[in-house]
Amino acid sequence: KKPEPCSFVIFGATGDLAHRLVIPALYNLAASDLLPDRFCVVGITRKAMSNEALRDSLMNGLRQFATRPVEDATAKRLLECVTCIAADPGEPASFDRMRKKLDELEATRQTGGNRLFYLATPPDAFAPISRQLGRTGMLRQDGGAWRRLVIEKPFGTDLASAKALNAELLAITDEHQIYRIDHYLGKETVQNILVLRFANGMFEPIWNRNHIDHVQITVDEKLDVGHRGGFYDSTGALRDMVPSHLFQLLSLVAMEPPIRFDAHSVRAEKADVLAAIQAQSESEALQNSVRGQYRAGRIDNTEVGDYRSTRDVRPGSTTETYAALKLSIDNWRWAGVPFYLRTGKALGLKRTEVAIKFKQAPFAMFRCTPVETLAQNYLVIGVAPTEGIALQFNTKVPGPSIRIDGVEMKFRYKDYFQAEPSTGYETLIHDCMIGDNILFQRADSVEAGWKAVQPFLDAWKKAGADGLLPYQAGSEGPTEANALLTRDGRSWRKLG
Ligand code: BG6
């Protein structure tokens with residue numbers, strides 16, 4: 001579907017996000033003829049810059065980060081739409097000037113006043129920019145034109161700041177005008193979770209505590225903290241990944257079926273299941289979590305330095321680069337079914353997956369085969385590096401006696417579908433332009449996510465260096481993370 005005419009206003013136009021993801025995604029949309037017929041891109045910079053200089057810089061970014069060969073004609077068509085306007089929230093008058101210029105530009109480009117403000121800026125700029133957009137009336141929807149505000153995670157750094165940010169935004173604009181992006185929802189495999197659950201008669205009836213023993217959500221990365229020391233050291237693995245990406249996976253796996261496949265119903269169910277995550281006291285949070293920090297090691301034959309020697313990381317930092325949690329969901333479907341989550345940096349394997357572990361069969365018939373030798377029944381939703389779904393089950397090994405072994409049935413996307421290489425932002429950006437906010441986070445689910453992790457944040461802050469476990473870069477993370485499951489008679493699914 002082609003979006004209506006609009007202007008696409010990018011704050012932070014000279015920044016990394018605009019160059020690496022936003023413009024390459026717009027390019028891919030242009031190449032697939034999915035941009036509006038009447039369209040303009042407005043790059044907002046703090047300091048004035050010529051249109052040519054901004055276009056050159058974005059073109060360089062495109063050459064570097066495009067996910068498909070760049071055709072000159074398409075790139076030219078897109079970049080000709082780019083206009084640079086200077087505006088700095090520290091200088092309110094610049095927003096009045098911006099408004100005037102935007103009105104003039106839109107009159108020439110005949111975009112009908114529809115506007116999307118994309119805040120590709122550091123998070124501390126979200127509120128000041130939005131305030132200025134509100135003050136100058138640029139977010140007001142009059143005369144049938146729409147106005148939308150797109151922001152990227154992190155939405156706050158804890159429950160209090162997330163609430164404050166939501167309150168600021170909602171004082172200026174309506175919830176339905178806000179598009180909070182979590183790039184995990186741009187992933188096909190993540191969107192597919194709902195289809196897997198609700199379009200398949202064989203999975204839907206067993207998706208509950210009667211049949212599922214527990215759920216494991218793993219987002220392991222080989223990447224170390226690299227150049228992001230400044231950001232990461234004040235953030236850590238829990239804040240960076242859990243309330244956003246891991247909770248997106250959790251909510252899609254655990255939510256109740258929505259009554260309709262529309263933004264209101266889907267987002268309401270997602271928010272409900274996050275709100276049902278059991279509140280833990282600080283001492284329970286300590287028992288139900290493991291946190292670690294990487295030390296020097298090797299990943300794929302490359303030396304990785306100690307986290308604490310990373311540029312912009314404080315020397316004695318107690319920021320975790322690995323987090324594992326055990327959570328429970330207090331509702332009928334999931335009573336007694338633990339959800340184990342883990343994520344870390346500088347690990348030996350890159351792996352993003354959800355593993356659903358089914359309960360063991362009663363096993364009366366095969367008494368000569370000890371139960372512990374049976375393979376576990378897992379349904380594995382692979383997000384990265386393999387995109388697909390695998391089902392593990394037991395089979396008789398051919399031969400005269402009954403011997404049982406585990407086998408795997410695999411579906412891989414690439415065997416069935418030829419997808420154009422994408423940045424993962426195309427669907428999200430296109431949805432913002434057509435006004436479909438099903439894949440975006442609502443204020444209540446953002447707050448429910450922070451609420452669920454707040455006890456861990458508080459307990460870890462108090463504990464400081466106590467309980468922060470070192471692990472070698474290139475390993476599987478702190479071995480103590482195993483105890484979180486072994487004490488429940490379970491184990492993490494072996495990766496690799
Ligand atoms: C980002 C985090 O939101 O997600 C990064 O800030 C992390 O630290 C990244 O590396 C992971 O995304 P993906 O798509 O590679 O799993």
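Is Cys81 buried or exposed, going by its relative accessible area? Hold that thought for a moment, everyone, and thanks for coming. One thing to say up front: this is a predicted model.

Let's start with the ligand. Its surroundings are made up of Lys153, His183, Tyr184, Lys187, Glu221, Arg228, Asp240, Met241, His245, Lys345 and Lys350. Sorted by class, that shell comes to 7 charged, 2 polar and 2 nonpolar residues.

Now for some distances, if you'd like to follow along in the viewer. From a ligand oxygen to an N or O atom in the Glu221 side chain, the separation is 2.6 Å. With the side chain of His245, an N or O atom sits 2.7 Å from an oxygen of the ligand. For Arg228, the corresponding value, again from a ligand oxygen to a side-chain N or O atom, is 2.8 Å. As for surface, the ligand on its own would expose 390 Å², and 81% of that is buried by the protein.

Next, the cavities. How many of 30 Å³ or more does the structure hold? The count is 1. The largest cavity has a volume of about 80 Å³. Its lining consists of Lys153, Pro154, Phe155, Arg239, Pro243, Ser244, Gln441, Val446 and Trp450. You'll have heard Lys153 already: that residue is also among those around the ligand.

And so, back to the cysteines. Cys81 is buried, at a relative accessible area of 13%. Cys6 is buried as well, with a value of 0%. How many disulfides does the structure hold? The answer is 0. Why does Cys81 not form one with Cys40? Cys40 holds the closest cysteine sulfur, but the two sulfurs are 7.4 Å apart, so they are too far for a bond. Cys6 also has its closest cysteine sulfur in Cys40, and at 7.8 Å that pair is too far for a bond too. For reference, the cut-off for a disulfide is 2.5 Å between the sulfur atoms.

That's my tour, and I'm happy to take questions!

Technical notes: Residues numbered from 1 in each chain as written. Predicted model: local features only at pLDDT ≥ 70, side-chain atom pairs only at ≥ 80, totals over all residues. Heavy atoms only, no water. Near = heavy atom within 4 Å. Polar contact = N/O pair within 3.5 Å; in protein donor to acceptor, adjacent residues only side chain to side chain. Areas by Shrake-Rupley, 256 points an atom, 1.4 Å probe, with all protein chains shown as cover. Nonpolar A, V, L, I, M, F, W, Y, C, P; charged D, E, K, R; others polar. Buried < 20%, exposed > 50% of the residue type's maximum accessible area, 1.4 Å probe, protein only. 1 Å grid on protein atoms, 1.4 Å probe; cavity = no way out; pocket = protein on both sides within 12 Å on 5 of 7 lines; lining within 4 Å. Points joined across faces, edges and corners; volume = space filled by probe spheres on them.
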